[in-house]
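The following report looks at charged side chains: how they pair, where the partners lie and how far they are covered.

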Amino acid sequence: MEYILAEGAESGLTRPSFNWRSENGQDTFDDSSNPFEFSVETPVIENPEECLDEITNDAFGASILKEETPRGEMVYKIIVWSGSGVERQMFQCKPKQTLTSTEIVKRAAPKLQFKKLKEVESTDILQDFKELESTQTELAYKFGIWLAKEGQSSEDQFYNNNEGSDRYKEFLKIMGDTVELKSFKGYRGGLDVTNNTTGSHSLFTRWMDYQIMFHVSTMLPHTPGDSQQIERKRHIGNDIVILIFYDIDPSVPMSTEFIKWDPSHVNSNFNHIFAVVKPENDDSYRLEFIVKNSIANFGPKLPFPSVFLKGESFKQFLLAKLVNGQRAALQSAPSFSSKLQRTFRAQLNSIYQKYTSNIPTASSLISKRRSLSLTYISKGMELKAKEFVNNSNLRVKDFSRNLFETEILFSKSFDNIICLDVIESEENNCILIFATLDSIYLFKNGGSSESSFQKVATLKGVTRLVVVKSASCILALNSKGLHVFDLEHLKKYFAQKTMTKISPDAASKLEEPKPKRIDGTKGCTVFAVSKNNNSSSRSSSSYGGSSSNSSSSSSSSSSSGSLDELCESGGLTINITLLYIAHKKNFIMYEWHNGEFIKSKDIQVYDNVKSICHVGPGMVCIGVAKEFLLIDMYTGTIKELYKQADSEPVKALSLDTEILLCFNNIGFFVDEKGTRTRNFDIKWGSIPSSIVLLPHYVLGISGQLIEVRTLLNGNIIQSLPTLQSSTNSHNNINNCAETTSSVVNEGNVASKVGFTTFNDMAHIDNGNIYVASSYKGTSCIIRIKQSTQLHQYQTLPLAIVQQHHHNLHHSNSFKDSYY
């Protein structure tokens, strides 16, 4: 993103009053230990239509699709329509386990109250539900634009401005195109396109999936003698979001540092968000948002200072902020959300009456499955196709603007890859280790050079692999316990086998590495390790027989004060590598010493341990029964951190001074006292089997999707990948060297690859994320990283900025018709 540091950036453009808050990037500055080392958050839409996932309760209608995976497991995809909105979830059952419709609905939404489900045979109900959902989604927006001049302090003065400077005209040109209203065919935003009663021209733009019409005050009809300009206010006064362009000459000193304007004096019940834009100099704008306190936080977060170079990147950021702001207002502002909820309930009641009028005992309805399941799926696909045709002129989706992109590194007919971890990773190169049912492999991807993988060890039933660089070892968990491999031995053996493959006459000197089992770990079901690599500690865990891997950016210094004092007084090494293992109710800590893990402390808890998260030296968060506990292994102190009576603890991840706790498919942040630190929940589409935390985002394997959510408010911003191109991976596939004869290279892989199961996910600090996946007998390794285009889009302008200034510079969802 193109932004710069300007003098006086710490002062805001406005002085908001009671019930309003100002967003000018100051909180970004406060959150950064070094204001010159943060990056601008990429502008993305929250809760996009293709991966919409809202929170609801009180079921009223439901649609269920049952699928069987290649492993024989049953996957249930369910949409629940209730008085509060639309709920979409996915969950998986063991082979041969089936559930009734009532059990499925109650499992997806346990708080629902109903006596009986009525299965509806008519496929017309799909159209009714589709129309119901369309009322909750906006694909077209209208935003107001006020022209403000220096010295003006009221909306009446803004409404009465008729002409702006060239600076104002330049701003309008950046934001959109001037269009003639008469016979205009796009979204008109309430403007007259027949008789020009609302002016002859307006400002319009198409952006991503959306059409945006601006109500520009200077383009709407002006009424002489009307101080309030009712005709202009009739449109802009009914807009939720308004842009205010402060038309001042940046080369002339201002009489005041801020606009003498009070948003609480605006005479409108609709205006909830104001975006103030002021020319900072000839080639940049300063941006500030004034938002009613009743509206939830929305992204992208403003940088500090919030000064942007003029151009397309500024427009992209601003439009994303405006769209997300209006969505947040509709969902959270009481004046809007209550009305939308009443309308939704009325429509839902109408559908209910239509299909249950002759069945007074039914309290909820569900589309009929079994014999009509194929009919329902076909009908859903038909409706989806019609929707695509109807919106073909509206949608101009820019797929190049996805926040994260995926790349297949490895794809072969191969045993399922159960788990993996990262040994080394750079921009385009990596060395990974992964396990199948009976073997362990090393995989090396050299970017443009040849890639290869080799079997480096034999160990059956591995469910978890963790690389511990500080100890130069690999930890592998199976039913017999926790095993240690020497990392350097594995790498040398891999190099030897690769050389032997290339030159068969090369002498083999090394034998296949053998693991050493750690004493006292037989029967271990879950473990975590502090991976002190001088930058971050990461916790890894597995639960319920499923593999999972999680990452944390917390530093060892995040431990509690009491532990710091203990370490100082006892002479303990802060960066010592610690291993925590759980065997039912027994919880044990090991320390790495002289090339092996030595048992150090043990403690008994009241129930079986389900998950472990390393928080600080000797400080761990564990999940037991219906709660998470915080344990100080050095003092033996056990503290109840957070309890949720109706949910199971799944996993915890440490992020700086916070801990992300996951109960079933709900996650939220707490501090070490158990106090909620953020006013939102992260709601996954299903119980996540693996989670990765990044500075601004959290990614989780949720059923058949990987969900990307923002840490600003928990909203979903991308789901990936449901369909992945394998074009870039052909060379990797064909060049992979493997000595095991049972593995067959596939030279002709389809141009598109779908995925049915994501098995594990891992990442290291440079942001590359690696995922193991399986699809119809084919195993894949996928690399996920932030889009290269967006990455350059954020960092490239630093050099541009430095040329202009001499001071310091900052550098599918279930909406796809599972009926």
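In this predicted model, the structure holds 18 salt bridges, each being a side-chain nitrogen of Lys or Arg within 4 Å of a carboxyl oxygen of Asp or Glu. Residues are numbered from 1 along each chain as its sequence is written, and side-chain values use heavy atoms, with hydrogens and water left out. Because the model is predicted, local features need pLDDT of at least 70 and side-chain atom pairs count only at pLDDT 80 or more, whereas totals for chains, interfaces and linings use all residues.

Among the salt bridges are the following pairs.

| Acidic partner | Basic partner | N to O distance |
|---|---|---|
| Asp247 | Arg167 | 3.2 Å |
| Glu280 | Arg286 | 3.2 Å |
| Glu424 | Lys491 | 3.2 Å |

The bridge between Asp247 and Arg167 joins strand S10 (residues 241-247), which holds Asp247, to helix H5 (residues 166-175), which holds Arg167, so the pair ties together parts that are 80 residues apart in sequence. Helices (H or I, at least four residues) and strands (E, at least two) are DSSP runs, numbered from the N terminus. Asp247 is buried, with a relative accessible area of 9%, while Arg167 is partly exposed at 27%; buried means under 20% relative accessible area, exposed over 50%, and partly exposed in between (1.4 Å probe, protein chains only).

In the bridge between Glu280 and Arg286, Glu280 is buried at 15% relative accessibility and Arg286 is likewise buried at 7%. These two residues also belong, together with Lys278, to a network of salt bridges.

The bridge between Glu424 and Lys491 again links distant parts of the chain, with Glu424 in strand S16 (residues 419-425) and Lys491 in helix H10 (residues 487-502), 67 residues apart. Here Glu424 is partly exposed at 37% relative accessibility, and Lys491 is partly exposed at 23%.

Charges outside salt bridges can also gather. Lys460, Lys480, Arg517 and Lys522 form a patch of positive charge on the surface; patches are made of residues with over 30% relative accessible area and no salt bridge, with like charges joined within 9 Å and nonpolar side chains (Val, Leu, Ile, Met, Phe, Trp, Tyr) within 5 Å. The place of a charge is taken as NZ of Lys, CZ of Arg, CG of Asp or CD of Glu. Within this patch, Lys460 is found in the loop between strand S19 (452-458) and strand S20 (464-468), and Lys460 is exposed, with a relative accessible area of 62%.

Notes. Accessible areas come from the Shrake-Rupley method with a 1.4 Å probe; for residues, only the protein chains shown count as cover. Lys and Arg count as positive and Asp and Glu as negative; His and the chain ends are not counted.
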